[in-house]
Amino acid sequence: MKEEIMKIKLNKNKFMEDYIENLQRITLKNFEDTSDKDKYFALCDTIMERINQEWRDCKNKTKKTKKAYYFSAEFLVGRSLGNNLINLGIYDEVKELLDEIDIDFESIENFEDDAALGNGGLGRLAACFMDSAASQKIDMYGYGVRYREGLFKQKIENGFQVEEGDHWIKDGDGWSIRVESDSKIVKFRDQTVKAVPYDMPMLGFENGQVNTLRLWQSEPFEEFDFSYFNNFQYDKAVEEKNRAEDITRVLYPNDIQREGKVLRLKQQYFFCSASIQDLVEKYKKYFENDLQFENFSKYHVIQLNDTHPIVAIPELIRVLVDENGIDFDRAVEITKKTFAFTNHTVLQEALETWPKDIMLEVCPRCFDIIEKINDKLVEDFKAKGLSEEAIDPYRIIRYDQIRMANLAIVMSISVNGVAKLHTKILKDDTFNHWYKIMPEKFNNKTNGITPRRWLVYSNIRLSNFITDKLGSDDWKYDLNKLKELEKYLEDDKVLEEINQIKYENKKDLARYILEQENIVINPDSIFDIQIKRIHEYKRQHLNILHIINLYHRLKKNPDMNFYPTTFILGGKAAPGYFRAKAIIKLANEVARVINKDPDVNKKLKVVFIENYRVSYGEKLFPAADISEQISTAGKEASGTGNMKFMLNGALTLGTYDGANIEIFEKAGVENNYIFGAKVEELNSIRDSYSPKEYYHKNSDIKDAVDSLVSGELNDDNSYMFLDIYNSLINPQGGEKADSYFLLKDFEDYKKVHEKINEEYSDRKTWDRKALKNIANAGYFSSDRTILEYAKDIWKI
Ligand code: Z2T
C-alpha cells in the first residue's frame, strides 16, 4: 500500500503564482481588493488545475476492466476544500503558503457552502463510499442528481424550525466541470429535456486516483421553443424552460418517509435514464463488435442505493430493446446480471410503491416493461403450483401499485442490508418470503465512514497523536492498524494525552457554539451529544424527557451528587413531519428554561444546534464524551454517526440496535453504556405493551411526561407538546400508544446516565475506555465496507 503513495509534488512558487493570477483573473481586481469568497474560489481553481491531468488519465484509461456504478438520488458531500487538500497530501503546505500572504485558511474555508445533496445517513454513506473507492483504487463512478437547492437550511425561530432554501451554487461551484458534450436527452410522456452532466473529482487519499461523481442537471431541450417565440407566445417559451429546470430544482427533504409525487418520480427517472444512456453509449464505443451486448454485465455492475434508483432497471431494458434491437428476454437476462440492491431501512413508510397512473404519466414504457416482468414472475410461480395467496407477497404489481423493492430483488444479483442485525431482520422478516426462495442473494455489508474526513481532517490533534504513537501514518491507509494503540492502555501518560486532546477539542467547540448559538458552555462538563435527523424512532424525545426529569431532581435536591453535563442536540425535521418538529420545539423550550435557571445552569446546560449539517458535524464529533445512539431496538438499520463518535473517542450510550451492536462487540460492552430492551423482547410484548403501567409505576416517568402538559413548558399554543404527550399515553385516532417504547426504556436509560455521571470523575478509567474505542474503530472504515462490496458483490 505504502509504495503507491503519491502526494502531488507541490511547487510552492508556482502554486502561489497561479493562485494570485487566478484570483485576479476571475475577479478583475487587484489582490488587495478581493473578498474572502473570491479567495476561496481562486483556491478551488488552483487545486482543480493541479488534479486535471490525473483526472483525465483516470477517465481515459483504455484498459477494459469491470467497473462499478453507484446510483444514488443523494450524495451528501459537504465541503470539499479541506478534504481535497488532505487527500492530495498538501493540506499543511497550502495552509502555510496562504499564511505567508496573510490569508487565514479557516476563514476562507467557511466561504464554502456544504454540498447538501442528501438528507442524512444514506446520502453521507454514498459520499464516504466515493472517498473510499478512490482511496482503494476501485474504479467506481457515482451517478446522481445535481439539485439546484440542497437540503433546506434550518432556522430556529422562537424555538420552532423554519425552513429556508439552500441555493448552494448561487455564487458558483468550484468543484464541478460541466461536460456539455456528454449531455443526454431524457424523454417523459409529456416533456423532453436535456440532462447535462456536472462532474466532480473524487480524490483518492494520496494515491493519484481520481474517480468521478457525475451529477445530472435538467435543462430545456432547446433553449427557446421558437415556435412559441415566433407566435409571440414568449411566456409559454419561458414556462417550458422553467418546467424543464423544475425537475432538478430541489432535493425532497424527507429522509425515510417516501414521497409519492409525480415530480419525485421524474427526478428518479431523469437521472437513471441519463446514467443508463451514458453507460450504454460508452459501451458501444469501446466494445464496437459486441452488438448483442454479450459482455455488458461482465464490465458493469450497478449498485442501487435503496429504492430511489430502481427505475434504472426497466430503463436499461428499454434502451437495450427499443434502441438497440435486443430481444426482450435477452435484455432481461443481461439486466438481471448487472444490478445489485441495498436496503437502508425496515420502516414500512419508506418502502416505495408507485401507483400505476403516476408511472404511466412519467415513463409509460417502464410500466410496460415492469408489467411484463411481473407477468412472467407470476406465471413461473403458478407453474410451480403456488396459490394466488402464496404468490401475493412476491407480486411486483398489486392493486395497481408497483412495489419497487420487489422489482429490485427479482432483477438483482445481490440484496444487502447495512448492519448485521438489519440484514438479519431483512432475512427473517421484511423480505423473508424472498429469502426463503433465493437465500444466496442476501448478504450483509456493515456500513462504514471515511477516516480521512472524519478524523484526519476534522480532528487534527487526535490524528497527529495517533501518528506519533504508532510511529507512522500507515493507519490512514489501513485503519485496522489503530488496534496497535492498545499497547498504551495502561500508560498513564498517554491516557492523559487523550484527555488533553478531548479537552482542547471541547474548548474549540465551546467557542464555536458561543459564536453560533450564543450559549456559554463549560468545557469541563460532560459533553453528551445526539446529532441526527429528528425522528420518533431515534427517540430524541426520550433524551429530552430524561433531561426534564434530571432538571426537576436537581432543583429539588441541589446537593445531589452530579457531574456537570452539557446536553447537545441537533438535527432537521422533515418539513411535513409535525411530531418531529414538536420534538425540536421541545428541545429548544427545555434549553430555554434550564439555561436561564440560576439554580442549575452551573451544572446543567442544553444546546440545540441550529442547522446541523456535515460541516457542523466536523466540529461536534471530535468534542464528544458521550454519543447518544438510543433508537428503539430493530429500527435503526445501521447508523453511521455512531461510528464517527467512536473513532473520535466518545463512548456510546446506546441500545442494541443497528451497528451499535457491532461497536459494542469490537470495543467491548464494558467500555460503553448499553441500555434498553432488545428487539426480541420488544417483538414478544408488542401487542400487550401498556405504557400507562410504566407511567403509573415510576414517578420519574410520570414527572417527565406530565411536564409536557403541566404548563411548565410553553409551546406557544402550537399544541405540539400535547401531541407528544398523546403519542405516549393517550393515543388518538387508532394510533398505538408509545410505539417506540420510550416509557419501557426510560428507567434503564436514567440508570445508565447515573452510571456515566458517576464514572466520568474517574478520568483515567474513562480515558482508557475512550482509547479502547478508538483502537477498535478500524472495522468501521468505509474502506473495509467498499472492499467487501468489490469482492463479494461486484467481483472487481
Ligand atoms: C437514510 O438516511 C437512511 C435510510 C433510508 O431509508 C433513507 C435515508 Cl435518507 C430509505 C439511513 C438509515 O436510517 C441509517 O440507519 C443508515 O445508517 C443509513 O441510511 C445508511 O445506511
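**Exercises: strand E10 and the ligand shell**

In this predicted model, 11 bridges join strand E9 (residues 192-203) to strand E10, and the two run antiparallel.

**Exercise 1.** Find which residue of E10 is the bridge partner of Pro201, and describe the hairpin that E9 and E10 form.

*Solution.* Step 1: look up Pro201; its bridge partner in E10 is Thr212. Step 2: go to the hairpin of E9 and E10, where six residues lie between the two strands. Step 3: check the turn for a positive phi; Glu206 has one, of about 50°.

**Exercise 2.** Work out how strand E4 joins E10, and whether E10 is mostly covered or not.

*Solution.* Step 1: count the bridges from E4 (residues 140-145) to E10; there are four, and these strands run parallel. Step 2: take Val145 as an example; its bridge partner in E10 is Trp216. Step 3: turn to the cover of E10 (residues 210-220). Buried means under 20% relative accessible area, and 11 of the 11 residues of E10 are buried. E10 is thus mostly covered.

**Exercise 3.** Describe the residues that surround the ligand and their polar atoms at its oxygen atoms.

*Solution.* Step 1: count the shell; 16 residues surround the ligand, and Leu122, His344, Asn447, Glu636 and Gly639 are the closest. Step 2: sort the shell by type, which gives six nonpolar, seven polar and three charged residues. Step 3: assign domains; domain 1 (1-255) and domain 2 (451-780) each supply at least three residues. Step 4: read the distances to a ligand oxygen atom. A polar side-chain atom of Glu636 lies at 2.6 Å, a backbone N or O atom of Gly639 at 2.8 Å, and a backbone N or O atom of Ala637 at 3.3 Å. Step 5: consider the area; the ligand taken alone exposes 480 Å², of which the protein buries 96%.

Conventions
Residues numbered from 1 in each chain as written. Predicted model: local features only at pLDDT ≥ 70, side-chain atom pairs only at ≥ 80, totals over all residues. Heavy atoms only, no water. Buried < 20%, exposed > 50% of the residue type's maximum accessible area, 1.4 Å probe, protein only. Pairing = 2+ DSSP bridges. Near = heavy atom within 4 Å. Polar contact = N/O pair within 3.5 Å; in protein donor to acceptor, adjacent residues only side chain to side chain. Areas by Shrake-Rupley, 256 points an atom, 1.4 Å probe, with all protein chains shown as cover. Nonpolar A, V, L, I, M, F, W, Y, C, P; charged D, E, K, R; others polar. Domains from an automatic or database assignment.
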